[in-house]
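User: I should like a close look at one part of this chain, set out in a connected way.
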Amino acid sequence: MSRESIVVVGGGISGLSAAWELSGGADGPNDRTPRIELIEDGTVVGGSLTTTHFADRTIDLGADGFLARRPEAVDLVRELGCSDQLESIDASGASIWLRGALDELPTGLALGIPTSSGQLKNVRGLSWRARLDARRDEHAPVRMKVGDDATIGDIVRTKLGRELCYQFVEPMLGGIQAGRIDDLSAKSVFPALLEAARKGGSLMRAMRASGPVAPGPSATTTNTGPTFYSLLAGVGSLPIEVARRLRDRGVVLRTGVAVTALRRTPSSNYPWEVDTHATTTPADSVVMATPAPVTARLLGAYDPALARLGAVRSAGAAMITFSIARSAIQLSANGTGILVPLGTPWSGDGSLMITAVTFLDRKWPHLRRDDDVLLRAHVGRIDDLRWSEMSDELLIARVSAELKVILGAFGTPNDAHVERWPDGLPQYYVGHETMVSDARAAAAPLGVTLCGNAYDGVGIPASIGSGRRAGRDALEMLHFSYR
Ligand SMILES: Cc1cc2nc3c(=O)[nH]c(=O)nc-3n(C[C@H](O)[C@H](O)[C@H](O)COP(=O)(O)OP(=O)(O)OC[C@H]3O[C@@H](n4cnc5c(N)ncnc54)[C@H](O)[C@@H]3O)c2cc1C
């Protein structure tokens, strides 16, 4: 085996995917495969993907499913030989809480954007004004000059009016990364929307013509098959399986150790030294799969474009999972969950904290039991940190009270679990794409590649794709030496 050495920093699904690619991907190692060491700060690999035992099942505490219409996650699962673990989502549709009642979301929306005014006909919680705005977009669309980028909020508000923008579209689109659509870049988060706006006519018609869409800058989609997958042992089993297979391939996996410094050592045989509190690993090349601010802290001294990654903000959120007797809850007839617009008033303090409810055991058959219901409430946005000030007990009580209002009945749960994700979801603001390409251009001559959910999209498929590309690029650098 070659004595070339690559270190991967960060063992979330991006870093693990990079290591998978570095160790030969689907084909496995060969005689040119370098020594690979992956260093992860957490006590286990996986980052935002993790499971626990709850109410007699294994449940995901972070991501619980991934888009099936992007290929990256499905491909990785297949390469691992785990296709039998894939489980298709078993429910469709969702509801939205508008003016104190639940409305079913119409079918045919494009990531929350209506594609015809007729779709809104039965959404009782929308005003006549919102319906008129939708019809105007079809028949006399508002003119809007769109440059290289714009916020999603600018586009949707201008074209479809305030109510549709904030009450109807934001709950889904902002929810994907717990952000505000007035801040999020259309180019980076929802390029199909930017393209549709650029056409200049009806936004809804243009979205309809663009076909199935997925979030993220490098999204390619297919039209067939299920929309989402989970895994029978939980999505959190994916990083564990990748790690097991990497160990089998001879990759050195270290957990519970943070990388504390990256040092250039141009006079040594290896151009980098990667420090933890107790060790130094020499490396030809480094793959950074850490959150952007960590990458900026470790590498910012080498180039201002890398230091600028420190400006990437992340939103926090908390997930409160409940098991509750079927007899103690009232549920709509179908649908995977409920969306709640930000700032929705209710009978209690302030506005509703819940931004979404997921019916876990409706989505995933392996979680279904006869006598209880498993559901998860999501709270928190980039500008709503109320959850971070509350104890688990208070949060469970507050969310239970809100669920009683939204669902109509929500008795005492059998069990509840609070999981907090303080910096889980990076925000892609206008200019993000340029910041990322500048940072990558600065990193490449140093023999460093960048991957993770701060760069190429926040979803699991995008993160896997980002990691694998970084792995491929690192191998290329090694073989066509950058030194
Ligand atoms: C609550 C929540 C729900 C989500 N739901 C979904 C969903 O349903 N579907 C979907 O597709 N996506 C979902 N996502 C998004 C998706 O899970 C993540 O974007 C993806 O898992 C990110 O992977 P990553 O490896 O890029 O980052 P991370 O998982 O954040 O991994 C980064 C790793 O770097 C490590 N690290 C940090 N500093 C250091 C250091 N100095 N040295 C060594 N290691 C370090 C961290 O410990 C961490 O493990 C969700 C995210 C969250 C937070």
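Where is the place of Gly125?

Analyst: The structure is a predicted model, in which local features need pLDDT of at least 70 and side-chain atom pairs count only at pLDDT 80 or more, while totals for chains, interfaces and linings use all residues. Residue numbers run from 1 along each chain as its sequence is written.

Gly125 lies in the loop that joins β8 (101-104) to α3 (128-139); helices (H or I, at least four residues) and strands (E, at least two) are DSSP runs numbered from the N terminus. Gly125 has 16 other C-beta atoms within 10 Å, so it is partly exposed; a residue with 20 or more such atoms, placed from the backbone, is buried, one with 12 or fewer is exposed, and partly exposed lies in between. Apart from neighbours within four places in sequence, Gly125 is in contact (C-beta atoms, placed from the backbone, within 7 Å) with Leu98, Arg99, Ala101 and Asp103. Of these, Arg99 is 26 residues away in sequence, yet its C-alpha atom is 5.5 Å from that of Gly125.

Trp128 belongs to helix α3. Trp128 is exposed, because 7 other C-beta atoms lie within 10 Å. Between the C-alpha atoms of Trp128 and Ser48 there are 41 Å, with 80 residues separating the two along the chain.

Helix α1 (residues 13-22) offers another environment to examine. It is largely enclosed by the rest of the structure, because 10 of its 10 residues are buried. Among them are Ile13, Leu16, Trp20 and Glu21. The elements that cover these buried residues include the strands β1 (5-9), β2 (35-40) and β14 (285-288), together with the helices α2 (71-79), α9 (237-248) and α15 (460-479). Just after α1, Gly24 adopts a positive phi of about 105°.

The pairing of α1 with α9 may be followed further. Their axes come within 10 Å and cross at roughly 30°; axes are lines fitted to C-alpha atoms over the stretch in contact, with angles from 0 to 180 degrees between N-to-C directions. The two helices are therefore roughly parallel. Ile13, Leu16, Ala19 and Trp20 of α1 make the contact with Leu238, Pro239, Val242, Ala243 and Leu246 of α9. By class, the contact of α1 with α9 has 9 nonpolar, no polar and no charged residues.

How values were computed
Contact = placed C-beta atoms within 7 Å. Parallel < 35°, antiparallel > 145°, perpendicular 65-115°, else oblique. Nonpolar A, V, L, I, M, F, W, Y, C, P; charged D, E, K, R; others polar.
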